[in-house]
Every structure is written in C-alpha cells, then in structure tokens.
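Hi,

Here is the structure I said I would pass on. Have a look at it first, and then read my notes below.

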Amino acid sequence: MANVKLTDKTALTEQLGSGDLFMVVDVNDTTSSSSGTSKKFDTKFLLQTDKFSLDNTEVLALDSSPKTLVSALSGYMVTPISATVLVTSAGSNETSNKDLIIGYDDSQDTMYWDSSGRFFSNKTASASYILSGKNNTSGVDNGSLINKPLKLWASSTGFNGGWSMDIYLTYFYTKIL
C-alpha cells in the first residue's frame, strides 16, 4: 500500500508474533539519505512471546530429548523474562516428583534460568505455573550465555503421568557488544 499514511493503516489488534516486522530509520546508516536509511526490524529483538505445545509423548521424553524453546543467534544471548506453563491433565496422576527446568545447558540440572520442583506432582486436574527466573539459587550457566539456545528439560528420569502442556515464553535477544 504505497502512498498511504501510517495513520490511515489498519491497527494491529493482537500480540506481536514471530516474524512480525517494524519499519525503522537507522540514523547511523546514511547510505539512502543523510537522515538515515529505512530498514525492517524483527520483533524478536524487542520483546517476544511464543507458544510451545508439548503432547504427552514429548513431555515423557523431556529428560532424554530436551525441547529447544529459543534458538541461538550468533552474537546474541537469549534473555528470558517469564514462562507461563498451562498443564492439561488426562486424569492420570504424575508420581515422578521431577523438576521442570528452563536453561541453557541441559547436560546438568544445577545451573539453569528457572525450575519448578516436583512439577505437577500428585495432581490429576489441570494446573498453571509461572516461572520468572527467581527459583535459581546456583547460577545460570558455568560458561558464556552467548550463542546458546534456551531449552526445556526434565530432571533425572523424567515424568511419567498422562498430561500435556502449553508454554508461553516471553523473552528477547540481547546483542553482545
């Protein structure tokens, strides 16, 4: 829609999603004009909320097959803000007493962004959880967070109940200067 004023365009009435773009003027790039160059800007560099759905098969495999929530981006680190987990129960009881963990290095269970201990333990009805990085008492990672994906996994031998979950993860990428 060329030659249409911004104020005449249709309003976005939903949350921004993966791949949504802004138009910005990069004043440091004067190749198009002395005032700057128009460029597209991906929302992942601002603040992003993505939904991840795991069926029961994926939940049961989280100890051996961690789920990548946010891919690594060269020269950046993933900075999580919060994760809301909505568990849908199939009526069977979770008896494993395992932890649900979000972090960068799924090879160990002591360094992570946040976890929920004894996740969904002894529950048969659906439940909701909010993780915000506050349950981390031992640090995030024993190395650099640069160029690392953010992952989801289960401690030890994993879960054994009949349930699925949706995760709404809010995060942004931070450029390392």
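**Buried rings, sheets and a core**

F120 and W163 are both buried. Their ring centres lie 5.2 Å apart and the planes meet at 55 degrees, so this pair counts as tilted. F120 sits in the loop between β7 (114–116) and β8, while W163 belongs to strand β10, so the pair ties together parts of the chain that are 43 residues apart in sequence.

Before you go further, keep in mind that this is a predicted model. The protein chain has an average pLDDT of 88, and 95% of the residues score at least 70. Confidence is highest in strand β4 (residues 67–70), with a mean of 97, and lowest in strand β1 (residues 21–26), with a mean of 84. As a general habit, don't read predicted coordinates in detail where pLDDT is low.

**More on the aromatic rings**

How many aromatic pairs are there? The count comes to eight. One of them is Y76 with Y173, an edge-to-face pair with 6.2 Å from centre to centre and 80 degrees between the planes. Y76 is in strand β5 and Y173 in strand β10, and the two are 97 residues apart, so to speak a link between distant parts of the chain. Are Y76 and Y173 buried or exposed? Both are buried.

The rings also gather into a group: F119, F120, Y129, F159 and W163 make up one aromatic cluster. Try clicking on F119 in your viewer. Leaving out residues up to four places away in sequence, F119 touches V85, V87, E94, K98, L100, Y129, F159, W163 and M165.

**The core**

F119 turns up again in the largest nonpolar core, which has 30 residues. F119, V85, L152 and M165 are the residues with the most contacts inside this core. Which strands supply at least two residues each? They are β3, β4, β5, β6 (100–103), β8, β9 (150–154) and β10 (163–175). Strand β10 gives the most, with six residues.

**Two sheets**

Now for the strands. In general, strands of a sheet pair through backbone hydrogen bonds, either parallel or antiparallel.

One open sheet has four strands in the order β3-β10-β5-β8, with antiparallel pairing. Why do β3 (48–54) and β8 (127–131) each have one side without a neighbour in the sheet? They stand at the edges and each has a single partner strand, so one side is left without a neighbour. From one strand to the next, the twist averages 20 degrees. To follow one pairing by eye, take β5 (residues 76–89) and β8: they run antiparallel and share five bridges. Within that region, A83 stands opposite L131 in β8.

There is also an open sheet of four strands in the order β4-β9-β6-β7, and its pairing is antiparallel. Its edge strands are β4 and β7, each of which pairs on one side only. With direction ignored, neighbouring strands here are turned by 20 degrees against each other on average. Strands β6 and β7 pair in the antiparallel sense over three bridges, and I102 stands opposite D114 in β7.

If you want a place to start, colour the two strand orders β3-β10-β5-β8 and β4-β9-β6-β7, then show the side chains of the aromatic cluster F119, F120, Y129, F159 and W163.

Cheers

Definitions and conventions. Residues are numbered from 1 along each chain as its sequence is written. Side-chain values use heavy atoms; hydrogens and water are left out. Two strands pair if DSSP finds at least two bridges between them. Axes are lines fitted to C-alpha atoms, for helices over the stretch in contact, and angles run from 0 to 180 degrees between N-to-C directions. pLDDT is the predictor's confidence in each residue, from 0 to 100. A nonpolar core is a set of buried Ala, Val, Leu, Ile, Met, Phe, Trp, Tyr and Cys residues joined through side-chain atoms within 4.5 Å. Buried means under 20% relative accessible area, exposed over 50%, partly exposed in between (1.4 Å probe, protein chains only). Contact means heavy atoms within 4.5 Å. Rings of Phe, Tyr and Trp (its six-membered ring) pair if their centres lie within 6.5 Å; planes under 30 degrees apart count as stacked, over 60 as edge-to-face and the rest as tilted.
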